Amino acid sequence: MITSQFKQFLYSKTMDTALVAAAECAEVGALVDEVYQSFLGNELNNNSGKTKATLKIVLLNLYSSSISDPELYVRYSRDENFYRSANRYVCNDISYQSLVTKVIPGLLRLNLVDDQLGFFDRETGKSFWSRMRSTQKLIQLFNKFKLKPWMLEVNQEREVIRLKDTNKKFINYKDDPFTLEAREQLKHINHHLEAAVIDLNLNDEGMDALLKTLRNVDIDDDEKHLSMFTNKHLYRIFSNTSFKLHGRFYGPWWQNIPRGYRDNIFINDMATVELDYSSFHPKMIHDLAGIETVSYTHLTLPTIYSV
């Protein structure tokens, strides 16, 4: 059962296993080294490159969430199958054994994270992943090692073409000419998004009001969060095991903010304008069918589709 206490944990972002540190970034390496050394003799008996790589990914995600909003949780799966190498949506640098049996227990022992185990709610039929967030002690470590938002980058090999089955679960697939071309097109777009400075022109009061709105999430809307420093890349989701169904673009933080804040989006210090076209999709259908656009009501739309 989802209690009022658990509702605070709904405000969360999925752990991004493709999050990496910028090249030549010694500060991140120094932070990881200090925490990792505390694992030796406790969670670790011997050095483990996989555990250290997993720790780095977790710390980068915790830093990203803490600078977005200290109240934002990072949710992660405790399902061993999720981290198998066959899962194209998970970076191979992270390991289930390292995450669940070493990194999370170690961070908890050091009082660097608050952790909430996931569960299956029989009333709603929904499963909830485990989630964690930085304690004040970890935030102090971020400050000690002088981490900065520009040090966060996303691995360019992260899968951007994603496929769900009829149960809305992500599944693997074999590439074909369409997926190969769609992936290259999206990587090209993401390259330009990464190079741009996309920001919100808000004062402190306005940002506080936005975060307060985003924190008030419900069960079906737990993707509403503001990760301005890492969520700039687009990905596409196709449905029902078919690349002919859906394919909408998701990912960037500006999709998560309420409509009233869109006028505050700036790109490279320049204001933006959202163009709104009335009856855009019916007009597209007319054009595809070679029919002159006329005024239709919603009741006549089925006739348009049947042309």
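**Two helices and their cover**

Biologist: What covers the buried residues of α6?
Modeller: Cover here means contact, that is, heavy atoms within 4.5 Å. Buried means under 20% relative accessible area, exposed over 50%, partly exposed in between (1.4 Å probe, protein chains only). The cover of α6 includes α2 (49-68) and β11.

Biologist: What kind of model is this?
Modeller: Residues are numbered from 1 along each chain as its sequence is written, and side-chain values use heavy atoms, leaving out hydrogens and water. Local features need pLDDT of at least 70, side-chain atom pairs count only at pLDDT 80 or more, and totals for chains, interfaces and linings use all residues, since the model is predicted.

Biologist: How many helices and strands does the chain have?
Modeller: Both are DSSP runs, numbered from the N terminus. Helices are H or I with at least four residues; strands are E with at least two. The chain has 15 strands and eight helices.

Biologist: Which residues of α6 are buried?
Modeller: Helix α6 takes in residues 204-215, 12 residues in total. Its far face, turned away from the buried side, carries exposed D204, E205, D208 and K212. The buried residues are G206, L210, L211 and L214.

Biologist: How wide an arc do they cover around the axis of α6?
Modeller: The arc is that of the directions from the helix axis to the C-beta atoms. The buried residues lie on the same side of α6, because they cover an arc of only 135°.

Biologist: How far apart are the end C-alpha atoms of α5?
Modeller: The expected span is 1.5 Å times one less than the number of residues. Helix α5 (residues 177-195) has 19 residues, so 27 Å is expected. The model agrees, with the ends at 28 Å.

Biologist: Which residues of α5 are buried, and which exposed residues does the opposite face carry?
Modeller: Buried are T179, A182, R183, L186, N190 and L193. They fall within an arc of 100° seen down the axis, so they line one face of α5. An α-helix has 3.6 residues a turn, so residues three or four places apart point the same way. The face turned away carries exposed P177, H188, H191 and A195.

Biologist: Which strands are among the cover of the buried residues of α5?
Modeller: Contacts decide this too. The cover includes β9 (161-164), β11 (198-200), β12 (235-238) and β13 (246-250).

Biologist: What share of the chain is buried?
Modeller: The chain has 307 residues. Its C-alpha atoms fill a box of roughly 75 × 45 × 45 Å along the principal axes. The buried share is 42%.
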